[in-house]
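This report covers strand pairing, one residue in a helix, and a pocket. Please read it beside the sequence and the model.

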Amino acid sequence: MRGAIKKAAPLWYHPSAMPNHVLRAAMAIAAALVFLGFPLPAAAACDPARPISCGQVRVSGDSLYDDGGRWQVRGVAFFLPQYGINANTLRDDNYAAAKADGSLAYWLDRARDGLGANLLRVFIELPQRRDGAIYTPTSHATVYDFATEAGARGMRLGLVLHNSASWSMTPERAAWITGLIDTFAARGALPLLAYLSASNEINNYCGGHERDCFDSAPGVNAQPYVDAAVAWTAQFRAVVKARAPQLLVTVGISTEMGDTDNTRAAFNFFRPDSAGRTLASQVDFLAPHNFGGGAQGIYDDIRFVGYRGPIVLEEFGYPTDPFPVNRFFTEGPLRCRRAPLSPECFETAPYFVEANIQALRARPYAGAVAWMLADVREKNSDDACTGGKPSDLWTGLFAIGGAYCAGGTYTRGVGQPKATAVRICLYYTGDFFRCEPSAQVRAIIYAPVISR
């Protein structure tokens, strides 16, 4: 615990300070205990509430582990509502303001208490050159501070360090990544980083969802794009592993873009570049994304190829607005909070979320990361319910007030869990009363009165 006052330990607590006869006796007792089958106490116990105490997340077979045993990802994409989606949250000035006004702590607590999350997936923009100067929007100090705030609440970080078609590993970018690793390593804090992602959705930077960028189409040869994407991932891996071989690397794939070559997107992990390399060969685990309930087929496709490593469903969720634009964008009836697969909930947001949760239960995924913690303020406008804003802005699990549409999102108060949050929280924690606060009130009201 930072800032705690520790009493000085007695001198004999250090073996080198023990008298020889005491040291010999202690060693004899320890040897006897081991011989008799009694395990010696661990030097430092792993406390899941303090992930820094549990060592680095690592791969074993098809699962992730830390010093406490199997570590199942229970994640959520973390964006502060006032700053919107992607890399704005951890820009130095934004982060400092959110910490000062209390909004950072509030939403960190919602991730912990309202979902039971053990990982926050957050985007960071790498340094870039602007007008001849290097612009670095996020400092190592900001990332470290955020990691310690998350770690104090039992959560590690998954850092997404690329989200564009810029495939250039410049010296400035490489130095920033190396400096980040050094900052954490120097403080013994690398265990707070569960993984680094080489790219958010690496098949999604060629002009929207009209076409999977790994797919060729009439008049379009996708091979140069595949070559650039795999090369970037290989360069990213090399930079990370040169400094911290134990730090996990992954890359995201969207599985719901336009298919122009009759090959499902999960197979993109195995498309070779011109040198014969694949994305799967460059990362420690695979990170497919899916919102439409297709997680079971994705898992089966990946295993069909022969891949045996861990698979994390790194994005799943669904928007609850704008309902007039699309009939699927709704929380549905109240019953969908408890029974999202019932007929009246078909093709609502909680239905799609629950379909993927069922797949996560049916297949041994190494975990999942829900998209996203809260709606964002950018949704608030006069044309919000007439198609003036993208549905992504309403994919939050918790409401924030402001613009919502009739028939879409009925959960509207700041910090209140939508039906989608209830389903994900229940999957992560198994505690319905924790996940659905209104159920606690009803349970108290309807509790039987026993008279003497």
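## Strand pairing

Two strands count as paired if DSSP finds at least two bridges between them. The model discussed here is predicted.

Strand 2 (residues 63-66) runs antiparallel to strand 1 (residues 58-60), and three bridges join them. Within this pair, Val 59 stands opposite Leu 64. The two strands form a hairpin with two residues between them. Gly 61, in the turn, has a positive phi of about 65°.

Strand 2 is also joined to strand 3 (residues 69-70), by two bridges, and these strands run antiparallel. Here Tyr 65 in strand 2 faces a partner, as Tyr 65 stands opposite Arg 70 in strand 3. Strand 2 and strand 3 form a hairpin, again with two residues between them.

## Val 422 in helix 9

Helix 9 spans residues 419-429 and includes Val 422. Is Val 422 buried or exposed? Its relative accessible area is 0%, so Val 422 is buried.

Apart from neighbours within four places in sequence, Val 422 is in contact with Arg 337, Phe 432, Cys 435 and Glu 436. Gly 114 is 308 residues from Val 422 in sequence, yet their C-alpha atoms are 8.5 Å apart in space.

## The largest pocket

The largest pocket holds about 640 Å³ of space. It is lined by 25 residues, of which Glu 201, His 209, Phe 291, Glu 315 and Asp 392 are the closest to its centre. By class, the lining has ten nonpolar, ten polar and five charged residues.

Methods:
Residues numbered from 1 in each chain as written. Predicted model: local features only at pLDDT ≥ 70, side-chain atom pairs only at ≥ 80, totals over all residues. Heavy atoms only, no water. 1 Å grid on protein atoms, 1.4 Å probe; cavity = no way out; pocket = protein on both sides within 12 Å on 5 of 7 lines; lining within 4 Å. Points joined across faces, edges and corners; volume = space filled by probe spheres on them. Nonpolar A, V, L, I, M, F, W, Y, C, P; charged D, E, K, R; others polar. Helix = DSSP H or I, 4+ residues; strand = E, 2+ residues; numbered from the N terminus. Buried < 20%, exposed > 50% of the residue type's maximum accessible area, 1.4 Å probe, protein only. Contact = heavy atoms within 4.5 Å.
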